[in-house]
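I opened the model to look up two things. One is the protein surface next to a DNA strand, the other is the salt bridges.

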Protein chains: 2
Amino acid sequence: MPTIDDVARKAGVSLGTVSNVLNNPEKVKPATRDRVLKIIEETGFHPNLSARNLSRSKTDTIALIYPFSQRRRTEHYYSDFLAGTTDTCFRLNYRLMLSSYPRDVSEKEKLRNYEELTNGSAVDGIVITRTERNDSAIQLLSDRQQKFAALGRCDLPIDFPWVDVDGAKAVREAVHYLYNLGHRRIAYVGTPALFTFSLHRSEGYRTGLEEVGIEFDEDLVILASVAGNEIEAGENGMVGFLKVEAPPSAVIVGGGQLAIGVVNGIEKSGYRVGTDISVISFDDTDWSTHYSPPITTIRQPLYEMGKLVAELLIKSIAGEEPEDHHILLNTELVIRGSCKKV
Amino acid sequence: MPTIDDVARKAGVSLGTVSNVLNNPEKVKPATRDRVLKIIEETGFHPNLSARNLSRSKTDTIALIYPFSQRRRTEHYYSDFLAGTTDTCFRLNYRLMLSSYPRDVSEKEKLRNYEELTNGSAVDGIVITRTERNDSAIQLLSDRQQKFAALGRCDLPIDFPWVDVDGAKAVREAVHYLYNLGHRRIAYVGTPALFTFSLHRSEGYRTGLEEVGIEFDEDLVILASVAGNEIEAGENGMVGFLKVEAPPSAVIVGGGQLAIGVVNGIEKSGYRVGTDISVISFDDTDWSTHYSPPITTIRQPLYEMGKLVAELLIKSIAGEEPEDHHILLNTELVIRGSCKKV
DNA sequence: TTGTACGCGTTATCAT
DNA sequence: ATGATAACGCGTACAA
């Protein structure tokens with residue numbers, strides 16, 4: 001590997017000049033610049049990134065903590081989001097480090113993982129996902145003055161850049177939609193309010209019911225443990241709903257995998273999705289869009305979200321802290337075949 | 001950020017000793033070691049990775065080129081594979097850089113992307129995926145003496161570490177299975193032999209037919225362009241099959257997304273999957289496992305494959321070149337509800 | 001066992 | 001416009 005010294009020598013200039021050719025082209029006379037450039041081309045010189053990073057105290061790298069599920073073939077949550085982030089880094093000349101940790105890891109180990117990442121100045125910033133209401137990772141990063149941006153909000157009194165989707169509004173809209181279709185017994189299957197998105201969705205459900213004047217009935221709500229198998233949980237929950245004397249005619253599901261279970265539950269109970277029980281779920285996956293009937297879903301702009309967090313973070317690293325570094329996006333109710341008039 | 005100097009000063013030793021405490025603990029007397037360790041703990045010192053990388057000429061980082069599809073919600077191909085790689089890096093104390101490039105990029109730009117990655121010694125090695133029969137990226141990396149490992153084989157006369165699945169055998173087994181179920185008109189929907197996996201699967205189809213004594217009929221084969229929409233291609237192909245006078249009673253599909261189209265095509269033509277037309281496809285996705293009927297699939301050990309390539313590459317970086325750095329894994333035919341006796 | 005000094009390849013500052 | 005020279009922070013032979 002040729003170094004900047006080699007280039008300087010061959011071009012008959014000092015290494016400072018070579019550096020300037022690369023980093024401050026306007027500071028060097030066109031003639032010498034061309035000569036140096038030619039030598040660079042010939043020798044195939046490329047600045048060593050470790051040296052460059054060391055010298056600039058900057059790595060042009062951000063990390064993304066992406067907790068893969070251990071279960072085989074689970075929808076790897078939000079891979080469109082990952083695509084958005086990856087593409088954006090590529091476009092903005094940033095490198096993306098993908099970091100993971102086992103999902104069933106203890107809170108403490110999880111935090112250690114974040115710490116490791118902040119140590120040694122290996123990355124300029126971190127993207128975090130699946131924010132919790134009381135997110136210890138956010139607290140940690142904030143304490144350590146690490147630049148970060150999040151997919152999702154957080155209840156902590158900390159100001160940081162985030163991108164989120166208005167999950168409450170999304171579910172409210174779903175309730176209205178079902179109400180207008182004539183449904184009066186609308187169930188909700190979701191996840192407990194540990195994660196902020198879970199909370200928002202549940203709140204949307206309650207608010208929605210209030211708005212249309214349906215009384216909240218806690219027998220129509222199931223919040224499945226995040227730890228367990230979502231598909232089983234959804235199925236069991238739905239089967240339970242359909243056993244009672246006044247079963248729901250529609251169900252809103254606050255999670256993609258849960259919906260698979262819910263649909264299974266409906267079919268195993270001898271009902272048909274859409275025709276007998278209306279279903280609305282989150283996210284356009286291959287499953288939801290190509291199931292028969294295709295599932296009516298609340299679409300989140302995942303790719304866009306990935307793009308935006310990356311942009312927000314990179315801006316923050318560049319020292320820009322735009323006023324609008326809280327981005328709340330709207331979802332879209334995509335009507336397919338799983339909801340019927342009643 | 002405290003430096004190694006700060007620690008040395010506070011501990012009353014030289015910086016060489018501090019370095020040894022970290023990298024060659026046995027070379028330093030327990031007493032001083034403990035003292036230094038305590039200071040390190042107190043000051044929260046962590047070696048700066050850029051400096052460390054520069055000094056060692058090593059980054060403990062590998063890159064993964066992962067061509068995300070631009071289309072929303074398209075098969076994000078093999079995210080289990082990605083999980084395997086990511087987890088393995090985490091476990092082996094390596095960092096993983098995720099790199100992407102637009103799928104519709106020209107061959108030249110694609111290669112430039114690989115070049116960039118090799119420049120500046122930013123990574124110790126590269127994992128490549130979707131190998132082609134005549135893979136220019138492999139040629140490039142080989143020429144540049146870059147360490148790399150691949151998911152998939154390649155026809156080039158280059159020896160490199162790879163992990164692959166025996167796709168030919170997989171499809172042969174599928175043919176046998178259908179034959180034993182009584183099927184004699186077995187169609188194949190796949191992709192053209194640009195990628196090695198496509199070729200292997202197609203070959204397996206032909207070999208399988210030979211083995212059971214069915215004559216190859218090219219009217220029962222469709223190789224969809226990789227560029228287009230797989231779902232549409234599968235659907236059109238299948239609809240075409242079902243229009244001819246002697247339609248197939250079974251179809252093997254050489255790609256996950258294609259199968260969605262094939263199933264659509266069957267249903268739109270008024271037939272029922274399983275009951276009328278048997279279907280075997282690749283990969284256990286949420287769609288294939290939870291469609292009704294659930295699709296009988298050829299399961300690839302994707303997570304395992306991701307784990308193995310990462311291990312292979314990291315070994316190669318460490319200078320180990322094990323004899324068995326060509327790993328061919330078996331698939332598993334997972335029987336569900338989409339194939340019936342005829 | 002411990003300390004010194006140099007090298008790693010850049011960037012950046014400051015004279016010239 | 002260009003050229004020395006000093007950081008940047010760490011690893012490591014080599015000397016003590």
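**Entry 1: surface near DNA strand D**

I asked which element gives most to the surface near DNA strand D, and α4(B) supplies the largest share, 5 residues. The model is predicted, so I kept to its limits: local features need pLDDT of at least 70, side-chain atom pairs count only at pLDDT 80 or more, and totals for chains, interfaces and linings use all residues. Residues are numbered from 1 along each chain as its sequence is written, chains are lettered from A and ligands numbered from 1 in the order written, and side-chain values use heavy atoms, without hydrogens and water.

I took a residue as near the strand if one of its heavy atoms lies within 4 Å of it. On that basis 25 residues surround DNA strand D, and the closest are A:T17, A:K29, A:T32, B:I4 and B:S55. Of the strand D atoms that come within 4 Å of the protein, 73% belong to sugar and phosphate.

Helices here are DSSP runs of H or I with at least four residues, strands are runs of E with at least two, and both are numbered from the N terminus. I found that α2 (15-23) and α4 (49-56) of chain A and α2 (15-23) and α4 (49-56) of chain B each supply at least two residues of this surface.

**Entry 2: single contacts to the strand**

I looked up three side chains.
- A:T17 has a polar side-chain atom 2.7 Å from a phosphate oxygen of DNA strand D.
- B:R52 places a polar side-chain atom 3.1 Å from a phosphate oxygen of the strand.
- B:S55 has a side-chain N or O atom 2.6 Å from a sugar or linking oxygen of the strand.

**Entry 3: salt bridges**

I counted a salt bridge where a side-chain nitrogen of Lys or Arg is within 4 Å of a carboxyl oxygen of Asp or Glu. The total is 40 over all chains.

A:K58 pairs with A:D124, with the closest N and O atoms 3.0 Å apart. A:K58 is in the loop between α4 and β1 (61-65), A:D124 in the loop between α6 (107-118) and β3 (125-128), 66 residues apart. I also noted a salt-bridge network that links A:R56, A:K58, A:D60 and A:D124.

Are the partners buried (under 20% relative accessible area), exposed (over 50%) or partly exposed (in between; 1.4 Å probe, protein chains only)? A:K58 is partly exposed at 23%, and A:D124 is buried at 14%.

In chain B, B:K58 forms a salt bridge with B:D60, the closest N and O atoms being 2.6 Å apart. B:K58 is partly exposed at 23%, while B:D60 is buried at 14%.

Technical notes
A polar contact is a pair of N or O atoms within 3.5 Å; within protein, one must be able to donate a hydrogen and the other to accept it, and residues adjacent in sequence count only if both atoms are side-chain atoms.
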